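Hi everyone, thanks for making room for me today. I'd like to walk you through a structure, so let me put it on the screen.

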Amino acid sequence: MALTISIDRDRCVGAGMCALTAPEVFDQDDEDGRVLLLTPEPSTAHTTAVRQAAGFCPAAAITASER
């Protein structure tokens, strides 16, 4: 099942675990280091990585829900 992702940049602390875990879906802003969402509805091939990235986020700034 595919995922819809949302991020809360205000919660983000810039740890970068999301970008390291799922670089096809997340990146970090060059200005402030906070999360950037590259793909709000990634393919099912990225489901595991996105769920891991959400779980690794120390600020719980990433939400992944099934659509």
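Which residues make the nonpolar surface patch of about 320 Å²? They are M17, L20 and F56. Before I go on, please keep in mind that this is a predicted model.

Let me stay with F56 for a moment. F56 belongs to helix α2, which covers residues 47-56. Its relative accessibility is 45%, so F56 counts as partly exposed.

Now to the cysteines, since I know some of you like to ask about them. How many disulfides does a search of the whole structure find? The result is 0. Take C18: the closest cysteine sulfur to its own is the one in C12, and at 6.2 Å that is too far for a bond. For a disulfide, the two sulfur atoms would have to be within 2.5 Å. For C57, the closest cysteine sulfur is again in C12, and here too the separation is 6.2 Å, too far for a bond.

Are C18 and C57 buried or exposed? C18 has 8% relative accessibility and therefore counts as buried. C57 is at 16%, so C57 counts as buried as well; the cut-off for buried is under 20%.

My last stop is A60. This residue sits in the loop between α2 and β4, the latter being 62-66. Although A60 is not a glycine, its phi is positive, at about 55°. With 43% relative accessibility, A60 counts as partly exposed.

That's my tour, and I'm happy to go back to any part of it.

Key. Residues are numbered from 1 along each chain as its sequence is written. This is a predicted model: local features need pLDDT of at least 70, side-chain atom pairs count only at pLDDT 80 or more; totals for chains, interfaces and linings use all residues. Side-chain values use heavy atoms; hydrogens and water are left out. Patches are made of residues with over 30% relative accessible area and no salt bridge: like charges are joined within 9 Å, nonpolar side chains (Val, Leu, Ile, Met, Phe, Trp, Tyr) within 5 Å. Accessible areas come from the Shrake-Rupley method with a 1.4 Å probe; for residues, only the protein chains shown count as cover. A salt bridge is a side-chain nitrogen of Lys or Arg within 4 Å of a carboxyl oxygen of Asp or Glu. Helices (H or I, at least four residues) and strands (E, at least two) are DSSP runs, numbered from the N terminus. Buried means under 20% relative accessible area, exposed over 50%, partly exposed in between (1.4 Å probe, protein chains only).
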